Amino acid sequence: MAEVIIVKDQDEAGEIYARCVADLIKARPDCVLGLATGSSPLAGYRHLAKIVHDENIDVSAVRGFALDEYAGLDPEHPESYRSVITRTVVEPIGLTPDLVHVPNGNLDTIREAGHEYDAAIEAAGGVDLQILGIGTDGHIGFNEPGSSLASGTRIKTLTEQTRIDNARFFDGDVDKVPTHCITQGIGTIMKARHLVLMAFGDGKAEAVAETVEGGVSSLCPASALQLHPHATVIVDEAAASRLRNKDYYRWAYAHKPAWQGI
């Protein structure tokens, strides 16, 4: 079962994630981080940037792999995930740009891009810590409901709801949102040594409950986290509102040995 940490707000969640990553970098300067876009990880990246600067941590050898990218969108487009990762992670934290990788969404080469991306992750020694957000339908990365829990990086067709949800990044125009993407599969994500999923707000409550306490099913792709040996779910009170065992999660975290971290 995943460890569930219930926090008061996104800042507290970001502090927990950032401390974990900062300690990882200190212990292994060339560690491999799995990076996600969306709103949920932003507080984590912001706090990590502060710790790195305050504690003068050398991040020059840290490597990174993003979860996904839109298919057919120019990498220079401000809403391509290459641009978003550069803007929200690489620049504020001070990572070496050439060591941070994003799936190749070029339509001319996309047939082989998934296999090549998984091979690159494997060649790097695998992801040490993967941060995840979650969609209202339980998707992680762009693994929409029905995705194989054993899937590798591949092309996926986005659901209409996901395109509607993401239209806010494209001037509110759903027609500007690409219909396809290339995304790490559930099987790829599950190979990371530590998974940290963050979710906030009432809109994520049902997905969080299905992920943590529901049955493991491709209908809620994030439920695969129940099978991972080291998964951490960090949620605020609103996102935790439908969890049946939330009192136990609070008790367990409050009495956790300090040396364990997350």
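Which residues is Ile 234 in contact with, leaving aside its neighbours within four places in sequence? In this predicted model, the contacts of Ile 234 are Ile 5, Val 7, Ala 13, Ile 16, Val 196, Leu 197, Met 198, Ala 199 and Phe 200.

## Ile 234 and its strand

Let's start with where this residue sits. Ile 234 belongs to strand 10, which covers residues 231–236. Its relative accessible area is 0%, so Ile 234 is buried, the cut-off being under 20%. Along the sequence, Ile 234 and Asp 30 are 204 residues apart, and in space their C-alpha atoms are 25 Å apart.

Strand 10 has a partner in strand 9 (residues 195–199): the two pair in the parallel sense over five bridges. If you would like a spot to find by eye, look for Val 196, which stands opposite Thr 232 in strand 10.

## The seven-stranded sheet

Strands 9 and 10 are part of an open sheet of seven strands, in the order 1-10-9-6-2-3-5. The pairing in this sheet is parallel. At its edges are strand 1 (3–7) and strand 5 (100–101), each of which pairs on one side only.

## Nonpolar cores

Now for the packing of side chains. The largest nonpolar core has 70 residues, and within it Leu 197 and Val 235 touch the most other members. Helix 1 (residues 10–27) supplies the largest share of this core, with eight residues.

Val 235 deserves a look of its own. Apart from its neighbours within four places in sequence, Val 235 is in contact with Val 4, Ile 5, Ile 6, Val 7, Ala 199, Val 208 and Ala 240. There is also a second, separate core of 10 residues, and among its members are Tyr 70, Leu 73, Tyr 81 and Cys 181.

## The three-stranded sheet

Another open sheet is built from three strands in the order 4-8-7, and here the pairing is antiparallel. Strand 4 (68–70) and strand 7 (154–157) are the edge strands, each pairing on one side only. From one strand to the next, the twist averages 30°.

Strand 7 pairs with strand 8 (residues 180–183) in the antiparallel sense, over four bridges. One handy pair to look for is Ile 155 with its bridge partner in strand 8, Ile 182.

## Aromatic pairs

How many aromatic pairs does the model hold? The count comes to seven. A pair of aromatic rings is described by the distance of the centres and the angle of the planes. For Tyr 17 and Tyr 45, the ring centres are 6.3 Å apart and the planes are at 75°; angles over 60 degrees count as edge-to-face, so this pair is edge-to-face.

Tyr 17 lies in helix 1 and Tyr 45 in helix 2 (residues 42–54), so their pairing ties together parts that are 28 residues apart in sequence. Are these two tyrosines buried or exposed? Tyr 17 counts as buried because its relative accessibility is 1%, under the 20% cut-off. Tyr 45 is buried as well, with a relative accessible area of 2%. Elsewhere, Tyr 70, Tyr 81, Phe 142 and Phe 170 form one aromatic cluster.

## What the record says

An unreviewed UniProt entry places the feature "domain: Glucosamine/galactosamine-6-phosphate isomerase" at residues 12–226. In the model, the end C-alpha atoms of residues 12–226 lie 24 Å apart. The span is 35% helix and 14% strand.

Technical notes. Residues are numbered from 1 along each chain as its sequence is written. This is a predicted model: local features need pLDDT of at least 70, side-chain atom pairs count only at pLDDT 80 or more; totals for chains, interfaces and linings use all residues. Side-chain values use heavy atoms; hydrogens and water are left out. A nonpolar core is a set of buried Ala, Val, Leu, Ile, Met, Phe, Trp, Tyr and Cys residues joined through side-chain atoms within 4.5 Å. Buried means under 20% relative accessible area, exposed over 50%, partly exposed in between (1.4 Å probe, protein chains only). Contact means heavy atoms within 4.5 Å. Two strands pair if DSSP finds at least two bridges between them. Axes are lines fitted to C-alpha atoms, for helices over the stretch in contact, and angles run from 0 to 180 degrees between N-to-C directions. UniProt positions are given in the numbering used here, feature names are shortened, and annotations may be inferred rather than shown by experiment. Rings of Phe, Tyr and Trp (its six-membered ring) pair if their centres lie within 6.5 Å; planes under 30 degrees apart count as stacked, over 60 as edge-to-face and the rest as tilted.
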